[in-house]
Amino acid sequence: MNRLVAFFAPATAALALAALLSGPALAQPAASDPDALIIQAGSMAELTAKWCPANPKVEHIVVLPAALFVDSEQLICDGNPYKLYRLIEHDDPDDFEYFLDPPFTNTIRLGCDGKAGRTMKTVALNCRPLHPTR
């Protein structure tokens with residue numbers, strides 16, 4: 001019996017997490033709170049409004065349409081360019097790697113990357129604080 005519980009406990013936790021993430025938390029746009037864990041945007045204008053005030057000292061997950069990365073757009077925050085682009089991995093041609101690269105500054109800034117299948121319409125990027133190197 002204990003083996004059965006040990007087997008199903010991780011699966012139950014994974015299902016609970018999936019249910020939580022698929023519920024209202026992701027169905028509604030994320031708040032414009034600078035410390036919001038999830039930033040969700042459907043356009044470049046919405047991304048600018050939510051991304052620029054984001055706290056660079058806090059990790060974020062950014063959920064965006066894959067189409068925003070097609071033409072290597074730039075996102076300008078406080079006069080500094082963030083570059084959105086995607087690359088095809090040479091060792092895994094079925095996937096794209098997505099990037100939201102920060103400007104080179106002497107301040108803490110967010111660097112983001114993610115990976116998704118080439119046919120995905122929506123992608124999620126993990127963003128973490130990057131500290132300046134001296």
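Here are some worked exercises on the disulfides, aromatic rings and largest pocket of this predicted model.

**Exercise 1. Find the disulfides and say how the cysteines pair along the chain.**

Solution.
Step 1. Start with the definition of the bond: a disulfide is a covalent bond between the sulfur atoms of two cysteines.
Step 2. Look for cysteine sulfur atoms within 2.5 Å of each other. You should arrive at two disulfides.
Step 3. Cysteine 52 pairs with cysteine 77, with 2.0 Å between their sulfur atoms. Cysteine 112 is joined to cysteine 127, again with an S to S distance of 2.0 Å.
Step 4. Number the bonded cysteines in sequence order, and the pairing reads 1-2, 3-4.

**Exercise 2. For the disulfide of cysteine 52 and cysteine 77, work out its handedness, where its two ends sit, and whether each end is buried or partly exposed.**

Solution.
Step 1. The torsion about the S-S bond is about -75°, so this disulfide is left-handed.
Step 2. Distant parts of the chain are linked here: cysteine 52 belongs to the loop between helix 3 (44–51) and strand 2 (60–65), while cysteine 77 belongs to strand 3 (residues 74–77), 25 residues apart.
Step 3. Buried means under 20% relative accessible area. Cysteine 52, at 27%, counts as partly exposed. Cysteine 77, at 7%, is buried.

**Exercise 3. Do the same for the disulfide of cysteine 112 and cysteine 127.**

Solution.
Step 1. The S-S torsion is about 115°, so this disulfide is right-handed.
Step 2. Its ends lie in strand 6, for cysteine 112, and in strand 7 (residues 122–130), for cysteine 127, 15 residues apart.
Step 3. Both cysteine 112 and cysteine 127 are buried.

**Exercise 4. Count the aromatic pairs, then describe the geometry of the pair made by phenylalanine 69 and tyrosine 98.**

Solution.
Step 1. Taking ring centres within 6.5 Å as the criterion, you get four aromatic pairs.
Step 2. In one of them, phenylalanine 69 and tyrosine 98 are 5.0 Å apart centre to centre, with 75° between the planes; the pair is edge-to-face.
Step 3. Phenylalanine 69 is in the loop between strand 2 and strand 3 and tyrosine 98 is in strand 5 (residues 92–101), so the pair ties together parts 29 residues apart in sequence.
Step 4. Now check burial: phenylalanine 69 has a relative accessible area of 0% and is buried, and tyrosine 98 is buried too, with 1%.
Step 5. Follow the ring pairs further, and Phe69, Phe96 and Tyr98 are linked into a cluster. Arginine 86 lies over the face of phenylalanine 96, at 4.1 Å from the ring centre.

**Exercise 5. Describe the largest pocket by its volume, its lining and the strands that contribute to it.**

Solution.
Step 1. The largest pocket holds about 220 Å³ of space.
Step 2. Its lining has 14 residues, and those nearest the centre are Cys77, Asp78, Tyr82, Ile108 and Arg109.
Step 3. Strand 4 (80–89) and strand 6 (109–117) are the elements that give two or more residues to this lining.
Step 4. Sort the lining by class, and you find nine nonpolar, three polar and two charged residues.
Step 5. Connect this with Exercise 2: Cys77, one of the residues nearest the pocket centre, is bonded to cysteine 52.

Note on methods: Residues numbered from 1 in each chain as written. Predicted model: local features only at pLDDT ≥ 70, side-chain atom pairs only at ≥ 80, totals over all residues. Heavy atoms only, no water. 1 Å grid on protein atoms, 1.4 Å probe; cavity = no way out; pocket = protein on both sides within 12 Å on 5 of 7 lines; lining within 4 Å. Points joined across faces, edges and corners; volume = space filled by probe spheres on them. Helix = DSSP H or I, 4+ residues; strand = E, 2+ residues; numbered from the N terminus. Nonpolar A, V, L, I, M, F, W, Y, C, P; charged D, E, K, R; others polar. Buried < 20%, exposed > 50% of the residue type's maximum accessible area, 1.4 Å probe, protein only. Phe/Tyr/Trp six-rings, centres within 6.5 Å; stacked < 30°, edge-to-face > 60°. Lys NZ or Arg CZ within 6 Å of the ring centre and 35° of its normal.
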